[in-house]
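Work through these exercises with the model open. Try each task before reading its solution.

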Amino acid sequence: MTANPTMPHPVQTIPESLIQWFGKCRFAIVAFSGGVDSSLVAFLANHLLGHELTISVISDSPSLKRGDLEQAKAFCRRHEIPLRIIETREIENPDYILNPINRCYFCKHALYEELQGIVEEHPESWIINGTNADDLGDYRPGLKAADQFGVHSPLAECGLNKHAVRELAAALGLECWDKPASPCLSSRIAYGQPVTREKLRQIEEAETLLNRTGFPVVRFRHYGSEGRIEVPTEDLPRLRDAFLSLESSIRSLGFEHVTLDEEGFVSGKLNREIGDAALKRKS
């Protein structure tokens, strides 16, 4: 791969705290999702440790968009990052299928458990993930699973928040630096409503259609017979104009009703239900 002469050398760009952090790591197994955070971690591990001392691992799960998987594979090819694709079986776990408010815990537990086989291949290795400093203040049940398996988080441990992550990724010339967040497809299903492969397929096909129609940032929420579309507020006028043609296509995926969320896109909107669920348990 030919270096871009207009870009600074990575050593001049990477914060010293991260260089020192990776200096303590003998072998890195990167829990890779293809998002900005884990892509940056995969790049840093590969650059600072070398091909022989790192491997990035992505799960080909039904809750991962096919497009995101292909982008993740392309990212690793472009930056010559060793990649292994595994299959996790969270979709077979009744605790995951029931879609409780801590669903993410069961997903991450399945991932880190699967990674133990790779740890056995490299006994001195660390599993590392893309958790950043902002994530520590958010509702993220998967962090509990990471703690249980002794997973390390270089970005969070070095104090990098989401903004700093994107800045560093841009400075390093990583093409994903401005990639919109793309959480797992299961996060579009209302808590308490079962997660099924069919629902995940419906969500992915609806979002792919909306992306192709010119809405790169979108969430398609699954409420059983109803599908609800969220886009940023500035895109709502365009979505209203295109709604009639989109509605019939999305209804053909298996929905009786398709509606627009007039509030607009809010990341993690379904987490608002967590407070309501907690109040009901207390009553």
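Five exercises follow, each with a worked solution.

The model is predicted; local features need pLDDT of at least 70, side-chain atom pairs count only at pLDDT 80 or more, and totals for chains, interfaces and linings use all residues. Residues are numbered from 1 along each chain as its sequence is written, and side-chain values use heavy atoms, with hydrogens and water left out.

**Exercise 1. Cysteines**

Task: Find how many disulfides the whole structure holds, and explain why C176 forms no bond with the closest cysteine sulfur.

Solution:
- Step 1. Set the criterion: a disulfide is a pair of cysteine sulfur atoms within 2.5 Å.
- Step 2. Search the whole structure. The count is 0 disulfides.
- Step 3. Check C158. The nearest cysteine sulfur belongs to C25 and is 12 Å away, and C158 is in no disulfide.
- Step 4. Check C176. The closest cysteine sulfur is in C76, at 10 Å, so the gap is too far for a bond.
- Step 5. Add accessibility. C176 is buried, at a relative accessible area of 8%. Buried means under 20% relative accessible area, exposed over 50%, and partly exposed in between (1.4 Å probe, protein chains only).

**Exercise 2. A loop aspartate**

Task: Locate D261 and list what D261 is in contact with beyond its sequence neighbours.

Solution:
- Step 1. Place the residue. D261 sits in the loop between β7 (257-260) and α12 (272-282). Helices (H or I, at least four residues) and strands (E, at least two) are DSSP runs, numbered from the N terminus.
- Step 2. Read the accessibility. D261 is buried, with a relative accessible area of 10%.
- Step 3. Follow the side chain. The D261 side chain reaches the backbone nitrogen of E263 at 2.9 Å.
- Step 4. Leave aside neighbours within four places in sequence. D261 is then in contact with R228, I229, E230, L236 and K269. Contact means heavy atoms within 4.5 Å.

**Exercise 3. A strand residue**

Task: Describe the surroundings of L83.

Solution:
- Step 1. L83 belongs to strand β3 (residues 83-86).
- Step 2. L83 is partly exposed, with a relative accessible area of 30%.
- Step 3. Compare chain and space. L83 and S56 are 27 residues apart along the chain, and their C-alpha atoms are separated by 4.8 Å.
- Step 4. Residues up to four places away are not counted. L83 touches F32, S56, V57, I58, K73 and C76.

**Exercise 4. Salt bridges between distant parts of the chain**

Task: Determine which parts of the chain are linked by the D37 and K162 pair and by the E175 and R78 pair.

Solution:
- Step 1. Set the criterion: a salt bridge is a side-chain nitrogen of Lys or Arg within 4 Å of a carboxyl oxygen of Asp or Glu. The whole structure has 16 salt bridges.
- Step 2. D37 and K162 meet in one of them, at 2.8 Å, N to O. This pair links helix α3 (residues 36-49), holding D37, with helix α9 (residues 162-171), holding K162, 125 residues apart.
- Step 3. D37 is buried at 12% relative accessibility, whereas K162 is partly exposed at 26%.
- Step 4. The side chains of E175 and R78 meet at 3.6 Å, N to O. E175 is in the loop between α9 and α10 (197-212), R78 in helix α4 (residues 66-78), and they are 97 residues apart.
- Step 5. Both count as partly exposed: E175 at 35%, R78 at 46%.

**Exercise 5. A bridge inside a helix**

Task: State how R201 and E198 are placed in helix α10.

Solution:
- Step 1. Their side chains form a salt bridge at 2.5 Å, N to O.
- Step 2. R201 and E198 are 3 residues apart in helix α10, so about one helical turn separates them.
- Step 3. Separately, salt bridges that share partners join K65, R188 and E207 into one network.

Terms used. A polar contact is a pair of N or O atoms within 3.5 Å; within protein, one must be able to donate a hydrogen and the other to accept it, and residues adjacent in sequence count only if both atoms are side-chain atoms.
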